[in-house]
Amino acid sequence: MAELHLPATLPPLFPGLPRELDIDAATVSEAIDRLDERWPGFRDRLVEAGPALRPHINVYVDRARGELDTELAADSRVDVIAAISGG
Amino acid sequence: MSKSVLLVGTRKGCFVLESEDRRDWTVRGPYCESWPVYHAVLDRDSGTIFAAAASEWHGSAIWRSADLGETWEHSSEGLGYPDGDGGLKLSKVSNVRPAHGRLLVGAESAGLFESTDGGETFSLVTTLEGYEGREAWNDPAQQPPGHLGLSAIIPHPSDPDRFWIIVQGFSLFETTDRGKTWAPRNKGLRRDWPADYEDIGFCVHKVAPASDFERMYQQNHVGMHRSDDGGKSWTEITEGLPTEFGFAAATHPHDRDTFYVIPLDPGHGRTMPDGKLAVWRTRDAGSSWQRLDRGLPQENAYVGVLREGMAIDAQDTPGLYFGTSTGQLFASTDEGDSWSQIGGLFPGITSVTYASVD
């Protein structure tokens, strides 16, 4: 199970969504899909048409910059970071 | 007894102001998780607030609240352009209008969406494919900062098939078949720049119809204009105003000849001329103009007002409300004769709308 860490901006949008949770998924995209199944609309908040990660959303898999198709190991740590933007 | 509700969209969320007498206001918010809100309105039929918002991080969504802002949900299901549709990318939803049982949404890149289930899901109505100028208005190189794309939707009050839209920087359009086909409505408008098309290429900032929807007023990038035939033709009525430029405007709900506008410095500043706040009013359909500034700051007031930044209520003696792009909110309960600041200090205000709630 990959360990997923979400930015503080996401839980207020989806009742019951924690900041940290374990996900059984083979890729970043699949992990997002798993969350979208439980919290409909979740994918739209991180992914834009393409599909691609939104411009100010960064995903790190085991501390390395990842994309939607980045593979996850059973013990991967996934950090979703909302970049500093705006003021 | 009904109460007055103001919905204030800001760069940092939506605020709800309530008043029994239009003088003392309570403020709630910020809502919508402090996403930038471009437009917020109350649907009188359903009692639902809808807000068009776009987060720099999490994209665009229409937020909705069925309890005057106490609780909110959001959705963007269907708000997007099909892959390969000319490469159009949806950067923001900029305008939301309930009308005749459906919810219409304007977006940038310029597109019109609708929801028929109260804002839970959306579908694309049109991107005006095939219309003259479309390539240019969707070209990022030709767009100003903060481009809104399809910046306004103006439903006809009794005809569900008929409404108007503004494509920022290019045209007012009218449809009479629910959005299937569109006619440009720019005849008689001034433009001071070279144009590729005869009927397209007019910088329409704001269109404010009178209650009969035959009389309309338009604040254009260059000049104030009036129409007496539902936008089919326009006559310039700028003379007597301090500048030809501005965004916010409102038409009197009971008198088609009375109209309000906030002229701004047309240069880069786009703030109040000479740093003095003023709303201007005509009571004769634009033949003459009166400066309204009692109670408004008259020194060092270099503030602007955006295109959805002014509202008027429909009470017997209408009240007016406008919010500045730097977060001050002003109100008048006497048709603009005098003003006072209300509510507090807000983030930059993008939209102000009024509703009377029982």
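**Exercise 1. The closed space**

How many cavities of 30 Å³ or more are there, and which residues line the largest cavity?

*Solution.*
Step 1. The count comes to one cavity of 30 Å³ or more. This is a predicted model, in which local features need pLDDT of at least 70 and side-chain atom pairs count only at pLDDT 80 or more, while totals for chains, interfaces and linings use all residues. Residues are numbered from 1 along each chain as its sequence is written, chains are lettered from A and ligands numbered from 1 in the order in which they are written, and side-chain values use heavy atoms, with hydrogens and water left out.

Step 2. Let's fix the terms. On a 1 Å grid over the protein atoms alone, a cavity is a set of points where a 1.4 Å probe fits but cannot get out; a pocket is an open set with protein on both sides within 12 Å along at least five of seven lines; lining residues have an atom within 4 Å of a point. Grid points are joined across faces, edges and corners, and a volume is the space filled by probe spheres set on the points.

Step 3. The largest cavity holds about 50 Å³ of space. Its lining is made of A:Leu4, A:Leu6, A:Val28, A:Ala31, A:Ile32, A:Leu35, A:Phe42, A:Leu46, A:Val78 and A:Val80.

Step 4. Now map them to elements. Helix H1 (28-38), helix H2 and strand E7 (77-82) of chain A each give two or more residues to this lining, and H1(A) gives the most, with four residues. Helices (H or I, at least four residues) and strands (E, at least two) are DSSP runs, numbered from the N terminus.

Step 5. Sorted by class, the lining has ten nonpolar, no polar and no charged residues. Here Ala, Val, Leu, Ile, Met, Phe, Trp, Tyr, Cys and Pro count as nonpolar, Asp, Glu, Lys and Arg as charged, and the others, Gly among them, as polar.

**Exercise 2. Two open pockets**

Which residues lie closest to the centre of the largest pocket, and which to that of the second largest pocket?

*Solution.*
Step 1. Begin with the largest pocket, whose volume is about 1,500 Å³. Of its 50 lining residues, B:Arg44, B:Arg97, B:Pro155, B:Phe213 and B:Tyr354 are the closest to the centre.

Step 2. Several strands of chain B each supply at least two lining residues, including E4 (37-43), E8 (92-99) and E28 (349-357). The classes are 27 nonpolar, 14 polar and nine charged.

Step 3. Move on to the second largest pocket, with about 1,100 Å³ of space. Among its 43 lining residues, the closest to the centre are B:Pro144, B:Pro145, B:Gln168, B:Arg270 and B:Arg307.

Step 4. E8 and helix H1 (134-137) of chain B give two or more residues to this lining; H1(B) gives the most, with three residues. The lining divides into 16 nonpolar, 19 polar and eight charged residues.

**Exercise 3. Where the chains meet**

How many residues does each chain bring to the contact, and what area is buried between chain A and chain B?

*Solution.*
Step 1. Chain A brings 19 residues and chain B brings 15 residues, where contact means heavy atoms within 4.5 Å.

Step 2. The buried area is about 1,300 Å², with 50% given by carbon and sulfur atoms. Buried area is the accessible area (1.4 Å probe) that two parts lose on being put together, summed over both. A:Thr9, A:Leu13 and A:Arg45 supply 37% of the area that chain A buries against chain B, more than any other three residues.

Step 3. Look for charge pairs. One salt bridge (a side-chain nitrogen of Lys or Arg within 4 Å of a carboxyl oxygen of Asp or Glu) is counted between the chains. A:Glu48 forms a salt bridge with B:Lys89, with the closest N and O atoms 3.3 Å apart.

Step 4. Helix H2 (residues 42-46) of chain A gives the largest share of the side of chain A that touches chain B, three residues. By class, that side has ten nonpolar, five polar and four charged residues.

**Exercise 4. A pair within one helix**

How far apart are the closest N and O atoms of A:Glu37 and A:Arg34?

*Solution.*
Step 1. Over all chains, the structure holds 27 salt bridges.

Step 2. A:Glu37 and A:Arg34 form a salt bridge, and their closest N and O atoms are 3.0 Å apart.

Step 3. These two residues are separated by about one helical turn, because they are three residues apart in helix H1 of chain A.
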